[in-house]
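Reader: Hi, I've got a fold open on my screen and would love some company while I go through it. Could you start with the terms and then take my questions as they come?

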Amino acid sequence: MTPAPHGTFQITLTPHAPAQAPSPAIGRMHFDKTWSGDLSGHSRGEMLSVGDPASGTASYVVLEVFTGTLAGRGGSFAFRQSGDMHAGQSSLTYEVVPHSGSGELSGMSGALTLNRVDGVHHYTLTWELPGG
């Protein structure tokens, strides 16, 4: 894997209630992210969730598409994210969707780790391109 770029992002969430919701228990959000640091650009995505985060039990899945630069390489790629909370424990998986890259990021693979400190999202991305 290539040295791990890091930085921050800001996110704006917009609730979306489809006219024919599949279930009133399923939440749906659109979001926009602005990425800063070694990963610089913009992403848009869709999140589906179920549960009650206030009670400490919930689960969500996200698909998002990033467009911008990574270590000076321009292009786009998709992330797949899933998270769970239960009984005070949480887990998060945040991965690059295989074969989703374009431009200079074509063939990219990788995973992102995320920490939230004082309300700011900090990321570290471990990634690689075919052929090193």
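Author: Happy to! Two strands pair if DSSP finds at least two bridges between them. Strands themselves are DSSP runs of E with at least two residues, while helices are runs of H or I with at least four residues, and both are numbered from the N terminus. This is a predicted model, where local features need pLDDT of at least 70, side-chain atom pairs count only at pLDDT 80 or more, and totals for chains, interfaces and linings use all residues. Residues are numbered from 1 along each chain as its sequence is written, and side-chain values use heavy atoms, with hydrogens and water left out.

Reader: Great. Which residue in S9 is the bridge partner of Gly 7?

Author: Tyr 123 is the partner of Gly 7. S1 and S9 run antiparallel and are joined by four bridges.

Reader: And how many bridges join S8 to S9?

Author: Nine, and that pair is antiparallel too. Thr 113 sits opposite Thr 124 of S9, and Asn 115 has His 122 as its bridge partner there.

Reader: What does the turn of that hairpin look like?

Author: The hairpin of S8 and S9 has two residues between the strands, and Asp 118 takes a positive phi near 50°.

Reader: Staying with S9, which side chains point to which face?

Author: They alternate along residues 120-128: His 121, Tyr 123, Leu 125 and Trp 127 point to one face and are buried. Val 120, His 122, Thr 124, Thr 126 and Glu 128 point to the other face and are not buried. Buried means under 20% relative accessible area, exposed means over 50%, and partly exposed is in between, using a 1.4 Å probe and protein chains only.

Reader: What is His 121 in contact with?

Author: Setting aside neighbours within four places in sequence, His 121 contacts Gly 7, Thr 8, Phe 9, Ile 11, Leu 114, Asn 115 and Arg 116. Contact here means heavy atoms within 4.5 Å. His 121 counts as buried because its relative accessible area is 15%.

Reader: OK, new topic: pockets. What's the volume of the largest one?

Author: About 780 Å³. Of the 29 residues that line this pocket, the closest to its centre are Leu 13, Met 47, Tyr 60, Gln 81 and Met 85.

Reader: How is a pocket defined here?

Author: On a 1 Å grid over the protein atoms alone, a pocket is an open set of points with protein on both sides within 12 Å along at least five of seven lines. A cavity, by contrast, is a set of points where a 1.4 Å probe fits but cannot get out, and lining residues have an atom within 4 Å of a point. Grid points are joined across faces, edges and corners, and the volume is the space filled by probe spheres set on the points.

Reader: Which strand gives the most to that lining?

Author: S2 does, with five residues. The strands that each supply at least two lining residues include S1 (6-15), S3 (39-52), S4 (57-70) and S8 (109-117).

Reader: What's the mix by class?

Author: The lining has 15 nonpolar, ten polar and four charged residues. Ala, Val, Leu, Ile, Met, Phe, Trp, Tyr, Cys and Pro count as nonpolar, Asp, Glu, Lys and Arg as charged, and the others, Gly among them, as polar.

Reader: Now Lys 33: buried or exposed?

Author: Lys 33 is buried, because its relative accessible area is 2%. This lysine belongs to strand S2.

Reader: Which side chains does the Lys 33 side chain make polar contacts with?

Author: One is the side chain of Glu 64, at 3.0 Å, and another is the side chain of Tyr 94, at 2.4 Å. A polar contact is a pair of N or O atoms within 3.5 Å; within protein, one must be able to donate a hydrogen and the other to accept it, and residues adjacent in sequence count only if both atoms are side-chain atoms. Beyond neighbours within four places in sequence, Lys 33 is also in contact with residues including Phe 9, His 42 and Gln 81.

Reader: Last one: where is His 99, and what about its phi?

Author: His 99 lies in the loop between S6 and strand S7 (102-103). Its phi is positive, about 60°, although His 99 is not a glycine. His 99 counts as exposed because its relative accessible area is 75%. Ala 71, in the loop between S4 and S5, likewise has a positive phi, of about 50°, without being a glycine.
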